[in-house]
There are 4 protein chains.
Amino acid sequence: MTENTTENSKIVLGKNQYGKAEVRVVKITRDTGRHEIEDLSVTSQLRGDFTAAHLDGDNAHVVPTDTQKNTVYGFAREGIGSPEEFLIRLANHFTSEFAWVTGGRWAAEQYAWERILAHGEGHDHSFVRKGQEVRNAVVTKDGDNLYVISGLNDLTVLKSTESGFVGYPKDRFTTLQETTDRILATDVSARWRYNNDAIANGGSRSIDFNKTYDDVRALLLEGFTEGYSYALQQTLFQMAQKVLDAHPEIDEVRFSTPNKHHFVVDLTPFGLDNPNEVFYAADRPYGLIEANFERETISDPGNAWDGIAGFC
Amino acid sequence: MTENTTENSKIVLGKNQYGKAEVRVVKITRDTGRHEIEDLSVTSQLRGDFTAAHLDGDNAHVVPTDTQKNTVYGFAREGIGSPEEFLIRLANHFTSEFAWVTGGRWAAEQYAWERILAHGEGHDHSFVRKGQEVRNAVVTKDGDNLYVISGLNDLTVLKSTESGFVGYPKDRFTTLQETTDRILATDVSARWRYNNDAIANGGSRSIDFNKTYDDVRALLLEGFTEGYSYALQQTLFQMAQKVLDAHPEIDEVRFSTPNKHHFVVDLTPFGLDNPNEVFYAADRPYGLIEANFERETISDPGNAWDGIAGFC
Amino acid sequence: MTENTTENSKIVLGKNQYGKAEVRVVKITRDTGRHEIEDLSVTSQLRGDFTAAHLDGDNAHVVPTDTQKNTVYGFAREGIGSPEEFLIRLANHFTSEFAWVTGGRWAAEQYAWERILAHGEGHDHSFVRKGQEVRNAVVTKDGDNLYVISGLNDLTVLKSTESGFVGYPKDRFTTLQETTDRILATDVSARWRYNNDAIANGGSRSIDFNKTYDDVRALLLEGFTEGYSYALQQTLFQMAQKVLDAHPEIDEVRFSTPNKHHFVVDLTPFGLDNPNEVFYAADRPYGLIEANFERETISDPGNAWDGIAGFC
Amino acid sequence: MTENTTENSKIVLGKNQYGKAEVRVVKITRDTGRHEIEDLSVTSQLRGDFTAAHLDGDNAHVVPTDTQKNTVYGFAREGIGSPEEFLIRLANHFTSEFAWVTGGRWAAEQYAWERILAHGEGHDHSFVRKGQEVRNAVVTKDGDNLYVISGLNDLTVLKSTESGFVGYPKDRFTTLQETTDRILATDVSARWRYNNDAIANGGSRSIDFNKTYDDVRALLLEGFTEGYSYALQQTLFQMAQKVLDAHPEIDEVRFSTPNKHHFVVDLTPFGLDNPNEVFYAADRPYGLIEANFERETISDPGNAWDGIAGFC
């Protein structure tokens, strides 16, 4: 490797991480005849001192991604609980097991299932994928600091009225007509970061991540319904506010939301009116609104938001 | 075109159809403050005498695909009702409006929405995409014959026990181990064809397609849960049977169902047992079971099943 | 199973097939330092007597899909050659190995690679995915009959002029304006079926499937470029004609081709002209043209076209 | 809005941006009969003072996303040139046209086309999508600072030998076997950031972005082929080094690359050997290596890397 080292004496390794992505693990809890199912896709990425691998091809520090995968399965044997708790266990394991692993990023998607209704009752061991949104979580560890971000994506919502868009600036390229009654539709991607103290081991609060998830989801939906929307931006603020008001353990809420255009079809050439009843749902292009809402004083996010796509 | 005609004197136009695909139409019914939403992607394809367009570039018979799209929106103004009824209206329109259009194929997907729960009640005009399966329908018209096939896809189900696979033939390439307790999982794609008499204009029965859809869906799910499954094939039979027993207006049920493998992870290298609790859900390859179940005597399907992908 | 049999005495098993789908196999030929790569996704589906599995859960006839997968890998050890030849070998194996397997369907996609250009030469063992179209093949066996269909999909082509659409019928729903200069763009999905005699074991011709593929692909592209297009339908005919003229061993060519709309953007509100220079490429909806071209006399296709999606 | 303001006195708007995403623009240059095609998907996002829209639904500052779309088409009338130059023009326009727009992010994907070979020559106005990688660019403006990042994704490469993985640490969860001869395959996603001085208006260098793109792409491919790979990490370093050595105007190169596993299939149960000839290409999970390489001294990246997914 001498030759290489000489040639690129001025080129250095910057930030880096590596691991195994999309480890799909299905955990059945079958202590009784009434089974429970947990279904996750887990990604584990380690950070630390991996310079020798990059510069010299020396793998002495490279915990194989295959080992990271195995660890996910091994840890699942002891149960999942919630994606956040499971990822925290993985984070603590890798950073304590290998001296040179000083941090990392552990992420998961969770897919919801519900019991099939058979003969009027939820079945003991037969399930149907719930569809709708995908739950997700990201745990970042950086030395002694631990960050937890929870979220969801692909929660598609629509208001068929009580939305408009007026009062915007016009220039040479403006052709859009103002409207006081339009469809407002989006796929909600939301992430909320927990206060560092709240998640710290010795913290004063103990978080039930599953219960909080259900509650935040309900508040986001409820916030979407309320009032007249002058802009998707305003509606997002309303949604975030409900979450932050109800959950002091959450410091900030971030959104990345398409404005899914539903255009009123002009039916006049066919001799028909169209009082906002028939719409063409367009795919591309679409509006894209990214907005972060946070308390005036928040705990230090560190690098927790790095690499979360689609959020500014 | 003389030159071309000469060169290929022996080449003829075979079966053909054309139209507009994936016309996304969202219909809001807003007669009262409690809105209703219908959300469809419609494909219209015409059949008939289009030889001149192919051989000579003469478009005198080519009803533009843009016109077909416009017609979808124009017809939506008068309401959707059910995808099946909407497609039948389109079929009757095109085959009666243009003398040379002797038939065609009209297909739709429908995406379900449910009211957002806000302050304990379903909201009047705010909806969330239900997710889960996609409903579909195909209406085929061939001269005076009309065929209706309804269906669904992507209904993902899983049994965490009461499934096995034993007693299969072994050969040189067999390495699979028998098991009496495995996960059985699939994405149900099912289609059911209505008896021709039942859908004929002067038929003795009047079909409520929406109600039938809900009932068939429930029966398919219930059928999946029942009993011990010796093979996915057997479970499909059980599901079809429930539908055909309860719905005399349906002649046949067809399935195209992946066997979504969930492999028990071997945790013994890590000093752990794994009594069917931790599974690796694999993507590819997957088993693929296609099976049609029908009454002993059925009405003539004509060309109704042509072009429906993934069904043998 | 007695109970079930009684209940559904009038419900019978119709057409069915099953197997393993999307078996991804990469074969490296490394007899010399200059490696060759073949990269396929293979689907194997068996047909025959599988009634007992469906009705009684008796798997005595069910060659496991896992075994079918293993067989693909085992056969790959002896080489691929071409997808068509490889699938024929699989077809002959399964129908001769198991008495009750009377036929089936074997399909493959092949992904092309090319050598990386390094220091001015194609590298010996480093490759880059070629992208562009995906090659495919379907082999169907039905008793003693063997059918071979080759094809490609996702070959995206565009003509920036020499295309128009005029002379079409107008009705109440027509708003489309005629144009004599538009963009014509499509993703070519084409399939061509070989004459049964040409592929029969004792046939008079020996087909080089790889060479034929390259040639048909070139002819389709060349046919797309030639002359003024009055309709996509006409252009497809021109493309098919070139193939059938040059390849007597091919009986028919089928297309399923979207008309990918490129709309001229109206720039006049911005004080700009737009002489067919700036286009908006729309996703949905799109035109969809399906057309089959065949010799006046062709060999019997049997069930070779069943289940090929998107072809009427 | 008084009520809201009171309730959430402690909740503030954090970072935010909005705009129109995936504006697909196809530009045909037809000054002569030999047409040129440029095909881009452009996303425009504005940053600045948009607080009133979020907190009060006041849109006085909200340049409609529709206007941003129109501007893309209007600017395309004057030509594209390169995605980087086009985005810079958009950036300068929006930040100078609207006082409260102090910055933003403009991104594009570009899809390559090549002339169809017809009768031995590249056709004048018929093109085929080149496939292979997608080129991309991101231009960020933050006050007076301008940042340009170019890149590509989905460049799939494979080495069939000269790669191994040994010498890694083992723990309780390690089952992976060492190998000195494996397939190394990845989809290269690479981004390179230009030195700020090099892209500044009064900079000493004038960059030909198209030429640089072609050259960087070739160097990345060449770097992938060279030498024995002890780890994908090492190969990435080698690729970056070639780029940075040849292009002083580039400050850093970042990679996000899956390790696409190709497992040697065990054919011994079938009585066959497998000297690294038959592989199973797995989809999930996959290794994921993210690594940034940079000069020891680089110009300040500001917020240029924010929101670029998959890069740590």
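**Group meeting: a walk through the four chains**

Okay, let's start with symmetry. If you rotate chain A by 180° with 0.0 Å of shift along the axis, it superposes on chain C with an RMSD of 0.0 Å. That's what a two-fold axis does, so that is the relation we have here. Which C-alpha of chain A sits nearest the axis? That would be A:Asp283, 3.6 Å from it. And the two copies use the same surface: 100% of the contact residues of chain A recur in chain C. Before I go on, please keep in mind that this is a predicted model.

Next up, chain A against chain D. That contact draws 78 residues from chain A and 78 residues from chain D. If you want to colour the chain A side by element, the ones supplying at least two residues each are strand E1 (11-29), helices H2 (51-56), H3 (65-77) and H7 (232-246), plus strands E9 (250-259) and E12 (286-295). Which of them gives the largest share? It's E1(A), with 14 residues. As for chemistry, the chain A side that touches chain D has 34 nonpolar residues, 25 polar and 19 charged.

There's strand pairing between those two chains as well. E12(A) runs antiparallel to strand E1 of chain D, residues 11-29, and nine bridges link them. If you'd like one pair to click on, take A:Tyr286, whose bridge partner in E1(D) is D:Ala21.

Now over to chains C and D. Strand E7 of chain C, residues 145-159, is joined by three bridges to strand E5 of chain D, residues 121-129, and the two run antiparallel. Here, C:Val157 has D:Val128 in E5(D) as its bridge partner. Now, what stands opposite D:Val128 from within chain D? That's D:Glu114. Strand E4 of chain D, residues 113-118, pairs with E5(D), antiparallel again, over five bridges. The hairpin of E4(D) and E5(D) has two residues between the strands, and D:His119 takes a positive phi there, near 55°.

Let me switch to a helix: H3 of chain B, residues 65-76. Since a helix should rise 1.5 Å a residue, its 12 residues ought to span 16 Å, and the end C-alpha atoms are 17 Å apart, which agrees. Buried or exposed, then? 12 of its 12 residues are buried, and that includes B:Asp66 and B:Lys69 along with B:Tyr73 and B:Phe75. What do those buried residues pack against? Within chain B there's strand E1 (11-29), strand E2 (36-48) and helix H4 (83-97); chain A brings in strand E11 (278-281), and chain C adds strands E9 (250-259) and E12 (286-295). So for H3(B), load chains A, B and C together, because its buried residues pack against elements of each.

Last bit: the domains of chain A. The assignment gives domain 1 as 1-143 and domain 2 as 153-312, and their C-alpha centres lie 28 Å apart. How many residues are in contact between them? There are 12 from domain 1 and 11 from domain 2. On the domain 1 side, helix H4 (83-97) and strand E6 (134-142) are the elements giving two or more residues, and E6(A) gives the largest share, six residues. By class, that domain 1 side divides into two nonpolar, four polar and six charged residues.

That's me done, thanks!

How values were computed: Residues are numbered from 1 along each chain as its sequence is written. Chains are lettered from A and ligands numbered from 1 in the order in which they are written. This is a predicted model: local features need pLDDT of at least 70, side-chain atom pairs count only at pLDDT 80 or more; totals for chains, interfaces and linings use all residues. Two residues are in contact if their C-beta atoms, placed from the backbone, lie within 7 Å. Helices (H or I, at least four residues) and strands (E, at least two) are DSSP runs, numbered from the N terminus. Ala, Val, Leu, Ile, Met, Phe, Trp, Tyr, Cys and Pro count as nonpolar, Asp, Glu, Lys and Arg as charged, and the others, Gly among them, as polar. Two strands pair if DSSP finds at least two bridges between them. The expected span of a helix is 1.5 Å times one less than its number of residues. A residue is buried if 20 or more other C-beta atoms lie within 10 Å of its own, exposed if 12 or fewer, and partly exposed in between; C-beta atoms are placed from the backbone. Domain bounds come from an automatic or database domain assignment. Copies are superposed by least squares on the C-alpha atoms of residues with pLDDT of at least 70 in both.
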